[in-house]
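Biologist: Please pick one part of this model and walk me through it slowly. I'd like to see what it touches and where that leads.

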Amino acid sequence: MRFIFSCTVMFGVVLAALADSNSPPATDELTGLPLYPATHNIADPGHPLKLPEVTICKCKMQTDFYNVYEAKMDATLAWCTANLAEFKHVHAYANGCSQDAFYNAEGTILVSVMGSHGKDGENTAAESISYKKFTPGLAEKTILGMKDRKIVCP
């Protein structure tokens with residue numbers, strides 16, 4: 001009887017561990033920031049596409065890229081504003097798409113949100129969100145230049 005009880009308990013522990021491992025992560029692994037909930041989907045629950053490392057102005061940039069599902073830009077930007085309260089926000093519009101970024105004072109973390117095609121200010125669908133980490137941090141004028149696609153290195 002003890003053996004059956006022990007096996008039942010172990011089976012329950014294994015099932016609980018498996019169920020927990022299938023739940024989407026709450027934070028982005030690269031930056032440790034909260035992960036936008038609309039990146040969760042059945043096919044790929046919150047796991048990013050890790051883009052190749054690049055260098056911008058002598059700073060190493062690592063990027064976790066996520067597709068966004070069934071979310072509008074206004075809701076996505078409201079979530080970012082609430083969850084990245086210490087970050088500065090900058091808006092850009094290029095190639096027919098809204099492109100917003102949130103960055104920390106040190107220039108070491110940047111979260112960028114891209115919308116689908118539409119007019120500037122239109123509440124289009126949110127297409128993607130990227131979490132970027134810079135080592136060492138980027139100068140603010142470099143970050144601001146990125147929105148206009150005119151990168152200025154100090």
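Modeller: Some vocabulary to start: helices (H or I, at least four residues) and strands (E, at least two) are DSSP runs, numbered from the N terminus. What you're looking at is a predicted model, where local features need pLDDT of at least 70 and side-chain atom pairs count only at pLDDT 80 or more, while totals for chains, interfaces and linings use all residues. Residues are numbered from 1 along each chain as its sequence is written, and side-chain values use heavy atoms, with hydrogens and water left out.

Let's go with helix H3, residues 140-147. Thr142, Ile143 and Gly145 are buried there, buried being under 20% relative accessible area with a 1.4 Å probe, protein chains only. They sit on the same side of H3, because they cover an arc of only 160 degrees around the axis, taken from the directions from the helix axis to the C-beta atoms. Strands E1 (49-56), E4 (97-103) and E5 (109-117) are among what covers these buried residues. Just after H3 comes arginine 149, with a positive phi near 60 degrees.

H3 also helps line the largest pocket: E3 (88-94), E4, E5, E6 and H3 each supply at least two lining residues. A pocket here is an open set of points on a 1 Å grid where a 1.4 Å probe fits, with protein on both sides within 12 Å along at least five of seven lines; lining residues have an atom within 4 Å of a point. Its volume is about 420 Å³. Of the 19 lining residues, Gln99, Ser112, Lys132, Met146 and Lys147 are the closest to the centre. E5 gives the largest share, four residues.

Now follow E5 away from the pocket. Along with helix H2 (73-83) and strand E6 (126-135), E5 supplies at least two residues of the largest nonpolar core. Such a core is a set of buried Ala, Val, Leu, Ile, Met, Phe, Trp, Tyr and Cys residues joined through side-chain atoms within 4.5 Å. This one has 20 residues, and Tyr36, Ile129 and Tyr131 have the most contacts inside it. Skipping neighbours within four places in sequence, isoleucine 129 is in contact (heavy atoms within 4.5 Å) with residues including Tyr36, Cys80, Val111, Ser112 and Val113.

Serine 128 is in E6 too, and is buried at 8% relative accessible area. With the same neighbours left aside, its contacts include Phe65, Ser112 and Met114.

Methods. Buried < 20%, exposed > 50% of the residue type's maximum accessible area, 1.4 Å probe, protein only. Points joined across faces, edges and corners; volume = space filled by probe spheres on them.
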